[in-house]
Amino acid sequence: METRRRFPPPSCTSPSPASTLRSLPAAPRSSGDRIQASDALPIPIRHTNLLFSLLFVCSIVFLMRRWRDKVRESIPLHAVDLSELVSIISVVASLIYLISFFGIAIVQSIVSSHEDEVDDFLPDSKMTPSPAPSSDLAMPVLAGREDEDIIAAVVAGKTPSYALESAIGDCHRAAEIRREAIRRISGRGLDGLPLEGFDYGSILGQCCEMPVGYVQLPVGIAGPLILDGREHYLPMATTEGCLVASTNRGCKAIAESGGAASVVLRDAMTRAPVVRFLTAARAAELKFFLEEPTNFDNLSVIFNRSSRFARLQDIQCALVGRNLYMRFCCTTGDAMGMNMVSKGVQNVLDYIQNDFPDMDVISLSGNFCSDKKPSAVNWILGRGKSVVCEAVIKEEVVKKVLKTSVSALVEVNTIKNLAGSAIAGALGGFNAHASNIVSAIFIATGQDPAQNVESSHCITMMEAVNDGKDLHISVTMPSIEVGTVGGGTQLASQSACLDLLGVKGACMESPGANARLLATIVAGSVLAGELSLMSALAAGQLVKSHMKYNRSCKDTSKAASN
């Protein structure tokens, strides 16, 4: 959910450019705001660190020399003069400062509660608190009432459907009552939609609101995919016949050729708020301010305090008139990270508001991110995990398993995926069907299906190598947005699929390793899918394959006549 925030117009005049292009100063905070690391520092952090470091070293050297002289002259060490007392206080003060500053990450990892950290992985709807219910909608306790009475109250509009879980205290019963109320209101039943066999408490407040059942979706297994020397069996949730079989054939061709290799080029989730000023010149001042390395270091400290795993990497600015778009990029551990980034961005906006009181925050997301939409910025700069995966398919495997030739594959790829996509004006769509595989794995592993839009950005390349005998195939995917914690990944079915891939939950030894591995598996799966479909097209087998695997053999004529 995109949030919109307006700040009241300032009563004071706008600060001059000279006062703006300086390091972030201390600013008074309300009791409700989070205290940031450098709020109380009158000088830049690097200078403060140097000052306290020198103070610590000089004080230690002075005390060691004085105590050495006392030992030589047999003077009691506990007899201290004013200079020694000042030095001892300086050592203690500087030591406290240095431990507090450089130990931020360690201290946070110890004192941060699990409940606070879970907020990083909740759906976007949790970012904005729900409005308090009005007094005239005071909800009575319904747990002791009969189902029929509650259904009648929902149908009559006296009891809100969204409040059934909290009012009844039983998620399954709430879904059953809501389902019956919908049937009576709409006059249409949901007989084919299963109700039993699902833990509705597991989705309360984080995955789905007002549930009435769940959709059954088959999950097939393709593989093994040999990727970077490891075997992976690929769970694919789909209703498209031939997809799993085709991907499985690609996995076989890759395995018989020695496997595929992958590399993660970048790991950075993004969020891009948009702010507005009275003039374009004033907006440009903030742009220059954010691009100043010293100011970026200060803002990184503030941003990183929002989570144990969030680490700001870059801020890319774009100016349109008097509107400034700021694209924050950061690592997010094993979470997909949208909420984590949003929290950090909000902290930074609150902080720089003190130096730019005339800044009007139009939206926390200004679509320069860009989330769940095809965009050139994601295609060029990447979002989430940017991955390249490649393999060399031997000539005999191309003929035996894929039923085609190297030259035919190269020709079809050039004319279809490259030239054909170009004349279509494709944006990130220089492939055969990357979104097929991405969607199937996303649904199976609890990812956000809507992020298939940018996660399927892919360019497939094929070249003849080794004197034209073998085929080099690669997929470059700059925007794979995946996580192994939070959201739908914690549901039982999706968690089982992640466990099958060996990436369930967070990696404690190396935060982010599981999410990066999942991204490479997605790219490797796309590589297998591309290889198989392109081979079917080159051999003219596409229609035959779909007639075999994508058509039901059941006689539906009787059902249609009923």
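Buried, as the word is used in these exercises, means a relative accessible area under 20%, while exposed means over 50% and partly exposed covers the values in between. The structure is a predicted model.

**Exercise 1. Classify the two cysteines Cys 242 and Cys 507, and state how many disulfides the structure holds.**

Solution. Begin with Cys 507, whose relative accessibility is 15%; because this value is under 20%, Cys 507 counts as buried. Cys 242 has a relative accessible area of 16%, and by the same cut-off it is therefore buried. For the bond itself, recall that a disulfide is a covalent bond between the sulfur atoms of two cysteines. The structure holds zero disulfides.

**Exercise 2. Describe the chain as a whole: its helices and strands, its buried share, its contacts and its accessible surface.**

Solution. The secondary structure comes to 21 helices and eleven strands. Of the 562 residues in the protein chain, 45% count as buried. For the contacts, take those between residues at least 6 apart in sequence: 73% of them join residues at least 24 apart. Finally, the accessible surface of the protein chain is about 27500 Å², and 59% of that area belongs to carbon and sulfur atoms.

**Exercise 3. Locate Tyr 351, decide whether it is buried or exposed, and relate its position to that of Leu 299.**

Solution. Tyr 351 belongs to helix 12, which spans residues 338–352. Its relative accessibility is 1%, which is under the 20% cut-off, so Tyr 351 counts as buried. Between Tyr 351 and Leu 299 there are two separations to report: 52 residues in sequence, and 8.5 Å in space from C-alpha to C-alpha.

**Exercise 4. Describe the surroundings of Glu 481, starting from its place in the chain and ending with its contacts.**

Solution. Glu 481 sits in the loop between strand 11 (470–480) and helix 18 (492–501). Although it is a loop residue, Glu 481 counts as buried, because its relative accessibility is 1%. Its side chain is joined to that of Arg 383 by a polar contact of 3.0 Å. When residues up to four places away in sequence are left aside, the residues that Glu 481 touches include Met 269, Met 336, Asp 371, Arg 383, Phe 442 and Glu 454.

**Exercise 5. How many aromatic pairs does the structure hold, and what geometry do Phe 198 with Tyr 200 and Phe 289 with Phe 356 show?**

Solution. A pair of aromatic rings is described by the distance of the centres and the angle of the planes. The structure holds six aromatic pairs. In one of them, Phe 198 and Tyr 200 have their ring centres 5.1 Å apart with 65° between the planes, and the pair is edge-to-face. The rings of Phe 289 and Phe 356 have centres 5.5 Å apart and planes at 70°, so this pair, too, is edge-to-face. Phe 289 lies in helix 10 (residues 280–291) and Phe 356 in the loop between helix 12 and strand 7 (360–363), so the pair ties together parts that are 67 residues apart in sequence. Phe 289 counts as buried at 0% relative accessibility, and Phe 356 likewise counts as buried at 0%. In the other pair, Phe 198 is partly exposed, with a relative accessible area of 30%, whereas Tyr 200 counts as buried at 3%. Phe 198 and Tyr 200 also form one aromatic cluster together with Tyr 214.

**Exercise 6. Count the salt bridges and place the partners of Lys 70, Arg 178 and Lys 385 in the chain.**

Solution. Side chains of opposite charge can pair when their charged atoms come close. The count comes to 20 salt bridges. The side chains of Lys 70 and Glu 84 meet at 2.8 Å, N to O; Lys 70 is in helix 2 (residues 45–72) and Glu 84 in helix 3 (residues 82–102), 14 residues apart. Both Lys 70 and Glu 84 are buried. Arg 178 forms a salt bridge with Glu 165, also listed at 2.8 Å, N to O. Arg 178 lies in helix 8 (residues 171–186) and Glu 165 in helix 7 (residues 164–168), so the pair ties together parts that are 13 residues apart in sequence. Arg 178 is buried at 2% relative accessible area, and Glu 165 is buried at 10%. The salt bridge between Lys 385 and Asp 267 has an N to O distance of 3.3 Å; it links strand 8 (residues 384–393), which holds Lys 385, with strand 3 (residues 261–271), which holds Asp 267, across 118 residues. Lys 385 and Asp 267 are both buried. As a last step, salt bridges that share partners join Arg 66, Lys 70, Asp 81 and Glu 84 into one network.

Terms used: Residues numbered from 1 in each chain as written. Predicted model: local features only at pLDDT ≥ 70, side-chain atom pairs only at ≥ 80, totals over all residues. Heavy atoms only, no water. Helix = DSSP H or I, 4+ residues; strand = E, 2+ residues; numbered from the N terminus. Buried < 20%, exposed > 50% of the residue type's maximum accessible area, 1.4 Å probe, protein only. Disulfide = S-S within 2.5 Å. Polar contact = N/O pair within 3.5 Å; in protein donor to acceptor, adjacent residues only side chain to side chain. Contact = heavy atoms within 4.5 Å. Phe/Tyr/Trp six-rings, centres within 6.5 Å; stacked < 30°, edge-to-face > 60°. Salt bridge = Lys/Arg side-chain N within 4 Å of Asp/Glu carboxyl O. Areas by Shrake-Rupley, 256 points an atom, 1.4 Å probe, with all protein chains shown as cover.
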